[in-house]
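Got the viewer open? Grab a coffee and work through the exercises below, trying each one before you read its solution.

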Amino acid sequence: MGPTDEFERAARLRGYRRIAGIDEVGRGPLAGPVVAAAVILPVRSRLVGVNDSKQLSEREREQFYIAICEQAVGTGIGWADVAEIDQLNILEATRLAMRRALEQLVPPPDYVLIDAVSLPGISIPIRPIIKGDALSISIAAASIVAKVTRDRLMANYHDMFPEYGFLSHKGYGTAEHLERLAHHGPCSIHRRSFAPVRLAMSARKMGEVHLRGPALSEA
């Protein structure tokens, strides 16, 4: 059936008025940032067909992105970069991106629906929903905004590092990406705390040692 406004209506019955859905994209890739979006939709939203971004084509996401930005009471976007992911770990970096997205919302929300992640340190009420992007229209809208934003960022990174093919795989660990990673080694947007990237770095170092050969001892 797709996402509905059931959770939003339940919150309004409790007196809340600015209900934000929040979701992230990019926890799994080997490269690039994790991006979060927060969206407050109007009471009578006209977003027929909105769904979890993973269930939509690229063209559909782009169309809904425009409609969401036009209709939303407010949208906020935040992300955590590769250095923050490697320093904090991907879960904490995701939470950081979500907090930044909420901070960008104008007007600020008084209630938050979130896709399955707890978010400590936020003073407003939060309701985590398992598979929320498939159930809540606000979370689904946030997932679309986050996905389109991240895909556009990865397209920019493709222009900077065309040898990795980021335009096609968006940093995920596809066979193509792993092959290019093994051949070129990691670039500045690869997540060095992720095992496949570490393995590629180790293999490349071993190859360099092999090419140099053993060190010559002094006579």
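What follows is a set of exercises on this predicted model, each with a worked solution.

**Exercise 1. Get your bearings**

Task: Work out how many helices and strands the protein chain has, and in what pattern they come along the sequence.

Solution:
- Step 1. Start with the count: the secondary structure comes to eight helices and five strands.
- Step 2. Now walk along the sequence, and you get α-β-β-α-β-α-α-β-β-α-α-α-α.
- Step 3. For the overall dimensions, look at the C-alpha trace, which spans about 85 × 35 × 25 Å along its principal axes.
- Step 4. Then check burial and contacts. Of the 219 residues, 47% count as buried. Among contacts with a separation of 6 or more, 65% are between residues 24 or more positions apart.

**Exercise 2. Put the strands in order**

Task: Find the order of the strands in the sheet, and say which ones sit at the edges.

Solution:
- Step 1. Trace the neighbours across the sheet: the five strands line up as β3-β2-β1-β4-β5, in an open sheet with mixed pairing.
- Step 2. Look for strands that pair on one side only; these are β3 (74–80) and β5 (126–129), the edge strands.
- Step 3. Step from one strand to the next and the twist averages 20 degrees.
- Step 4. Find the helix lying over the sheet. Helix α5 lies across β1, β2 (34–40), β3, β4 and β5, and runs at about 40 degrees to β1.

**Exercise 3. Zoom in on β4**

Task: Say how β4 pairs with β1 and β5, and whether its residues are buried or exposed.

Solution:
- Step 1. A quick reminder: strands of a sheet pair through backbone hydrogen bonds, and the pairing can be parallel or antiparallel.
- Step 2. On the β5 side, strand β4 (residues 111–115) runs parallel to its partner, with four bridges between them. Leu-113 has Arg-127 of β5 as its bridge partner, and Ile-114 has Pro-128.
- Step 3. On the β1 side, the pairing is also in the parallel sense, over four bridges. Here Ile-22 stands opposite Ile-114 of β4.
- Step 4. Now check the two faces of β4. Tyr-111, Leu-113 and Asp-115 point to one side, Val-112 and Ile-114 to the other, and all are buried.
- Step 5. Put it together: five of the five residues of β4 are buried, so the strand is largely enclosed by the rest of the structure.

**Exercise 4. Hunt for unusual backbone**

Task: Find where the cis peptide bond is, and which residues other than glycine have a positive phi.

Solution:
- Step 1. Know the background: most peptide bonds are trans, and most residues other than glycine have a negative phi.
- Step 2. Check omega. The bond joining Val-106 and Pro-107 is cis, with omega about 0 degrees. Pro-107 lies in the loop between α4 (90–103) and β4.
- Step 3. Check phi in the loop between α3 (82–88) and α4, where Asn-89 lies. The phi of Asn-89 is near 100 degrees. Asn-89 has a relative accessible area of 39%, so this residue is partly exposed.
- Step 4. Do likewise for Lys-131, in the loop between β5 and α5. Its phi is positive too, about 55 degrees. Lys-131 has 63% relative accessibility, so this residue counts as exposed.

**Exercise 5. Follow one arginine**

Task: Decide whether Arg-61 is buried or exposed, and list what it touches.

Solution:
- Step 1. Locate Arg-61 in helix α2 (residues 58–71).
- Step 2. Apply the cut-off: buried means under 20% relative accessible area. Arg-61 is at 11%, so this residue counts as buried.
- Step 3. Leave out residues up to four places away in sequence, and Arg-61 touches Ser-53, Leu-56, Ile-144, Lys-147, Val-148 and Asp-151.
- Step 4. For a distance check, take Val-50: it is 11 residues from Arg-61 in sequence, and the two C-alpha atoms are 8.8 Å apart.

**Exercise 6. Size up the largest pocket**

Task: Give the volume of the largest pocket and describe its lining.

Solution:
- Step 1. The largest pocket holds about 160 Å³ of space.
- Step 2. It has 13 lining residues, and Glu-24, Val-25, Gly-26, Lys-54 and Tyr-172 are the closest to its centre.
- Step 3. Two elements give two or more residues to the lining: β1 (19–25) and α5 (137–160). The largest share, three residues, comes from β1.
- Step 4. Sort the lining by class and you get two nonpolar, four polar and seven charged residues.

Key:
Residues are numbered from 1 along each chain as its sequence is written. This is a predicted model: local features need pLDDT of at least 70, side-chain atom pairs count only at pLDDT 80 or more; totals for chains, interfaces and linings use all residues. Side-chain values use heavy atoms; hydrogens and water are left out. On a 1 Å grid over the protein atoms alone, a cavity is a set of points where a 1.4 Å probe fits but cannot get out, and a pocket is an open set with protein on both sides within 12 Å along at least five of seven lines; lining residues have an atom within 4 Å of a point. Grid points are joined across faces, edges and corners, and a volume is the space filled by probe spheres set on the points. Ala, Val, Leu, Ile, Met, Phe, Trp, Tyr, Cys and Pro count as nonpolar, Asp, Glu, Lys and Arg as charged, and the others, Gly among them, as polar. Two strands pair if DSSP finds at least two bridges between them. Axes are lines fitted to C-alpha atoms, for helices over the stretch in contact, and angles run from 0 to 180 degrees between N-to-C directions. Contact means heavy atoms within 4.5 Å. Buried means under 20% relative accessible area, exposed over 50%, partly exposed in between (1.4 Å probe, protein chains only).
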